[in-house]
Amino acid sequence: MTCSRRTFILGTATTFAGAFLAACGQAPSDEVAKTEVPVGSAVILDRFIIAQPTEGTFVAYSAVCPHQGNKITVVNGDTVRCTKHGSVFSIADGSVVSGPSDKPMAAATLEDNGATLAATAQG
Ligand code: FES
């Protein structure tokens, strides 16, 4: 299999994308259609959370909880929650809404590809 962009887009089922990129030797990335990111809320992908706090403004964070490293798995309006110990974070800026985490979510790099967005870890 070649690592062309077209192949990547065809394989953008979120669980597949990470394995595909790992196989291609690129940084782990999650890609999603802009239309799948709700205004005022977020989507949780394999490794990243992509949010649209206000219409047309997109931000991304690592989905790894800054408390003890579990995956953040729940979106609740304009917040996301890690179910391991219950920390809640704002999608607008990644800040802690309620602990036990005392650290905000790690910001991720977000690439705007027109109809889609791709998040990668900040280097
Ligand atoms: S690991 Fe997420 S709240 Fe503890």
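Q: How many disulfides does a search of the whole structure find?
A: The model you are looking at is predicted. A disulfide is a covalent bond between the sulfur atoms of two cysteines. To count here, the two sulfur atoms must lie within 2.5 Å. With that cut-off, the number of disulfides found in the whole structure is 0.

Q: Is cysteine 65 buried or exposed?
A: A residue counts as buried when its relative accessible area is under 20%. Cysteine 65 has a relative accessibility of 3%, so its class is buried.

Q: What is the relative accessible area of cysteine 82?
A: Cysteine 82 belongs to the buried residues. The cut-off for that class is under 20%. For cysteine 82, the value is 3%.

Q: How many helices and strands are there in the protein chain?
A: Following the sequence gives the pattern α-α-β-β-β-β-β-β-β-β-β-β. In that pattern the α entries are written ahead of the β entries. The count for the protein chain is 2 helices and 10 strands.

Q: In what order do the 3 strands of the open sheet stand?
A: Strands of a sheet pair through backbone hydrogen bonds, either parallel or antiparallel. In this open sheet the pairing is antiparallel. Strand 1 and strand 10 are joined over 5 bridges, and 5 bridges also link strand 9 to strand 10. The order is therefore 1-10-9.

Q: Which strands stand at the edges, each with a single partner strand?
A: The sheet has the order 1-10-9. A strand at the edge has a single partner, so one side of it is left without a neighbour in the sheet. The two edge strands are strand 1 (29–33) and strand 9 (108–112).

Q: Which residue in strand 10 stands opposite serine 29?
A: Strand 1 and strand 10 pair in the antiparallel sense. Strand 10 covers residues 116–121, and its pairing with strand 9 places leucine 117 opposite aspartate 112. The residue opposite serine 29 is threonine 120.

Q: How many of the 5 residues of strand 1 are buried?
A: Across the protein chain of 123 residues, buried ones make up 37%. Strand 1 is described as mostly covered. Its buried residues number 4 of 5.

Q: Where is serine 87 found?
A: Serine 87 is buried, with a relative accessible area of 1%. Strand 6 spans 79–81 and strand 7 spans 88–90. The place of serine 87 is the loop between strand 6 and strand 7.

Q: The backbone nitrogen of which residue lies 2.9 Å from a polar atom of the side chain of serine 87?
A: Leaving aside neighbours within four places in sequence, serine 87 is in contact with several residues, including His67, Val80, Cys82 and Pro100. Another of these contacts is Ser101. The backbone nitrogen at 2.9 Å from the serine 87 side chain belongs to serine 101.

Q: Is arginine 81 buried or partly exposed?
A: Arginine 81 sits in strand 6. Not counting residues up to four places away in sequence, it touches Ile72, Thr73, Val74, Gly86, Ser87 and Val88. Its relative accessible area is 35%, so arginine 81 is partly exposed.

Q: How far apart in space are arginine 81 and cysteine 65, C-alpha to C-alpha?
A: In sequence, arginine 81 and cysteine 65 are 16 residues apart. Their C-alpha to C-alpha distance is 8.9 Å.

How values were computed. Residues are numbered from 1 along each chain as its sequence is written. This is a predicted model: local features need pLDDT of at least 70, side-chain atom pairs count only at pLDDT 80 or more; totals for chains, interfaces and linings use all residues. Side-chain values use heavy atoms; hydrogens and water are left out. Two strands pair if DSSP finds at least two bridges between them. Buried means under 20% relative accessible area, exposed over 50%, partly exposed in between (1.4 Å probe, protein chains only). A polar contact is a pair of N or O atoms within 3.5 Å; within protein, one must be able to donate a hydrogen and the other to accept it, and residues adjacent in sequence count only if both atoms are side-chain atoms. Contact means heavy atoms within 4.5 Å.
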